[in-house]
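Q: Please take a close look at any disulfide linkage here. Then set it against the rest of the chain, including the backbone exceptions and the surface.

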Amino acid sequence: GQIVYSIAEETERGASVGNIAKDLGIDAATLSARKFRMITGSSKQYFNINASTGALSVNEPIDREQLCELKSVCLLNYELVLENPLELYRMEFKVLDINDNSPSFPLSEYHINMPEFLSPGARFTLPNAQDLDEGANSVQNYTLSPDEHFYLEMQIRGDGSKYPELVLKKALDREQQATHRLVLTAKDGGNPPKSGDVPVIVTVLDTNDNAPEFEHSVYRASILENSPSGTLVVQVHATDLDEGPNGEVRYSFSNTTSADLQRMFSIHPHTGEVTVNGVLAVQRPLLEMLLEARDNGAFGMSSTAKLLVEITDVNNHGPEITITSLSSPIPEDAAPGTVIALLSILDKDPGENGKATCQISENLPFQLKPSLQNYYSLVTSELLDRELISEYNITITATDLGSPPLTTQKTVWVQISDVNDNPPIFSADAFDVFVEENNPLGAFLYQVSASDPDIGENGRVSYTLRNSTVAGSALTSFLSMNLANGSIYAKRAFDFEQLRSFHFQVEAKDNGSPALSAAITVNVYISDQNDNAPAILYPTSQNGSIAVEVVPRLADEDYLVTKVVAEDEDNAQNAWLSYHLTHSSDSTLFQLSPHTGELRTTRSMRSTDFLKHKVVVVVRDHGDPPLSSTVTVGILLADTLPQALPDFDDSGEPPPLLNATNIYLIVSLACVSFIFAAFLFFLAILRL
């Protein structure tokens with residue numbers, strides 16, 4: 001928005017101008033919080049804003065004539081910039097003129113030479129007074145001190161400007177009065193009016209009665225502002241009806257022409273050529289000078305003409321880029337359309353040469369939007385991602401519409417600040433951990449790791465165990481975790497025989513607000529150690545006695561005496577069992593299968609074999625080191641199961657030589673042998 005204030009120059013310090021908060025509809029209480037500031041191109045800060053009330057007051061009295069010189073309208077332009085959100089208001093102060101300057105003349109006194117033979121009605125140009133005030137406060141009229149020979153008359157030039165002329169009312173007589181002292185007074189239209197005086201000394205001459213006359217009262221010319229020294233502006237010409245030296249004309253600048261213009265231009269005294277004498281360092285498009293033509297008479301006569309020079313602009317000023325406000329860094333979640341910077345484009349050239357276009361590269365997530373006149377807003381055009389690009393160097397290019405066009409570039413560095421928009425990321429979908437049983441307390445098991453592309457607190461990751469149970473107990477009774485680095489430690493020794501595997505979840509959480517998290521499953525596999533000896537299930541002994549197996553006395557070869565059955569709670573090779581016969585009362589009678597544990601006879605039983613035998617079987621696993629168990633088996637040779645089992649010791653008892661059975665066998669064998677012999681004898685007799 002824009003607001004216009006009017007204030008009289010020389011207004012005292014502290015005087016109220018208005019209330020910027022009320023005039024712009026802004027809450028005055030927010031001015032300080034929104035970091036308000038006034039920006040102006042002026043070297044002085046003429047106004048103050050009360051941060052509490054928004055009252056606008058004079059900080060320093062303004063001298064309009066010093067500030068704006070001869071401009072008809074004196075304006076001061078300010079910009080009020082507010083942040084959060086970023087807003088720009090243009091304030092225009094129109095400085096009103098007061099009658100604080102009196103008219104003054106360039107010289108302290110003026111001399112006019114008049115021939116005595118001039119007739120009444122002869123005219124002489126008088127100097128113009130200068131008044132730095134404008135409008136009605138500038139010079140309005142002139143008066144001349146009373147004199148019987150002269151009176152004052154105002155004349156109008158071709159461009160409408162007025163100037164005073166001294167008119168001869170009564171013929172002069174040098175012999176009666178050679179010098180006339182007059183006072184020219186210039187008055188302005190102020191209230192109260194102010195005036196300035198200058199003495200006009202008229203010297204009466206008695207020669208050269210014709211003054212030079214210009215062909216035109218006003219000359220007009222146009223040149224380029226970059227014209228080099230020596231460039232011809234215009235050639236003026238004046239004629240004098242007198243003859244000889246009285247008719248020879250010399251040209252010069254009038255004393256009322258400013259010294260600056262006399263340094264920039266020169267006029268040839270004889271030809272009347274006006275040329276450029278230096279650099280045309282002016283800001284005004286139209287320059288006004290008074291030229292004087294004076295003859296070479298003993299008492300030279302003169303006349304003046306006005307020269308108006310129009311300075312044609314050339315495109316010799318490139319655009320100026322000014323960053324009025326910049327917000328950096330900006331958060332990466334800033335919505336499209338967020339204002340980042342406010343910039344102004346100024347080209348000192350007038351017209352088309354002073355108009356400029358502004359643009360930035362198309363491959364950036366930003367764009368320029370026109371704001372107030374000559375102002376642009378740099379805004380985001382799409383979403384930002386700090387993890388992809390953390391900063392931008394934005395080159396702003398301003399090009400004017402001159403021919404050829406001039407271009408200016410300025411680079412704006414914009415940093416992107418991080419927001420917590422990325423959760424932690426684990427390197428795998430799950431982690432497998434292998435641990436041996438019987439581990440020490442506090443043993444390190446594994447270290448999980450998650451990365452977070454955010455920075456600072458948003459990227460600092462901490463780890464926790466999610467609540468769960470393992471084998472009916474809380475997970476925290478089994479494991480502990482380092483929250484900072486994700487290291488997992490055992491709080492108890494694991495037993496493969498009781499728990500072979502379990503799983504749990506680890507949560508990784510960043511320290512952003514709000515915090516983002518991710519979870520991963522950790523599978524724990526407990527590996528077996530050979531910590532269990534084989535357990536013999538059969539045969540078993542009771543009350544410390546030896547297990548007894550009964551075998552028929554006439555058992556054949558490979559007869560299954562018994563089968564040793566054992567198991568091992570360990571796993572894999574730690575549970576692979578082998579069977580070994582470490583002791584036997586008769587090593588030739590029994591054999592043991594190392595894989596099945598079957599105890600068999602190696603031959604048929606003999607009558608000479610002991611009735612009692614004892615073997616010792618060792619069952620051994622394949623662990624490292626291996627563990628083993630033994631069992632002692634008593635073997636009784638009997639056809640029937642005895643009512644009472646005998647005691648087994650290390651020695652066997654041979655069977656008795658003559659018992660009832662043996663006698664029966666001997667008798668039977670003798671009878672058979674006798675009958676066979678008798679049969680052979682009978683056959684022999686029959687053959688003979």
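A: The domain assignment, which is automatic or taken from a database, splits the chain into domain 1 (5–96), domain 2 (110–205), domain 3 (213–312), domain 4 (320–404), domain 5 (425–527) and domain 6 (535–637). This is a predicted model, in which local features need pLDDT of at least 70 and side-chain atom pairs count only at pLDDT 80 or more, while totals for chains, interfaces and linings use all residues. Residues are numbered from 1 along each chain as its sequence is written, and side-chain values use heavy atoms, with hydrogens and water left out.

The search of the whole structure finds one disulfide (a pair of cysteine sulfur atoms within 2.5 Å). The link runs between C68 and C74, with 1.8 Å from S to S. It is right-handed, with 60° about the S-S bond. Both C68 and C74 are buried, meaning under 20% relative accessible area, where exposed is over 50% and partly exposed lies in between (1.4 Å probe, protein chains only).

Two other cysteines can be set beside this pair. C358 is buried, because its relative accessible area is 13%. C671 is at 43%, so it counts as partly exposed.

The UniProt record, an unreviewed entry, annotates "domain: Cadherin" over residues 6–105, 106–214, 215–321, 322–426, 427–536 and 561–648; such annotations may be inferred rather than shown by experiment. Over residues 322–426 the chain is 0% helix and 50% strand, and the end C-alpha atoms are 48 Å apart. Residues 427–536 are 0% helix and 47% strand, with 49 Å between the end C-alpha atoms. Helices (H or I, at least four residues) and strands (E, at least two) are DSSP runs, numbered from the N terminus. Along the chain, the centres of domain 3 and domain 6, taken over C-alpha atoms, are separated by 144 Å.

Next come the backbone exceptions. S403 and P404 are joined by a cis peptide bond with omega of about -5°, and P404 sits in the loop between β30 (391–400) and β31 (407–417). From S513 to P514 the peptide bond is also cis, with omega near -5°; P514 is placed in the loop between β41 (501–510) and β42 (517–527).

K35 is not a glycine, yet has a positive phi of about 50°. K35 belongs to the loop between α1 (20–24) and β3 (37–40), and is exposed because its relative accessible area is 51%. D558, likewise not a glycine, has a positive phi of about 65°. Its loop connects β44 (547–551) and β45 (560–563). At a relative accessible area of 40%, D558 is therefore partly exposed.

Last, the surface. F676, F679, L680, F682, L683 and L686 make a nonpolar patch of about 630 Å². Patch residues have over 30% relative accessible area and no salt bridge, and like charges are joined within 9 Å, nonpolar side chains (Val, Leu, Ile, Met, Phe, Trp, Tyr) within 5 Å. A salt bridge is a side-chain nitrogen of Lys or Arg within 4 Å of a carboxyl oxygen of Asp or Glu. Areas come from the Shrake-Rupley method with a 1.4 Å probe. One of the patch residues, L683, lies in helix α4 (residues 660–687). L683 is at 39% relative accessibility, so it counts as partly exposed.
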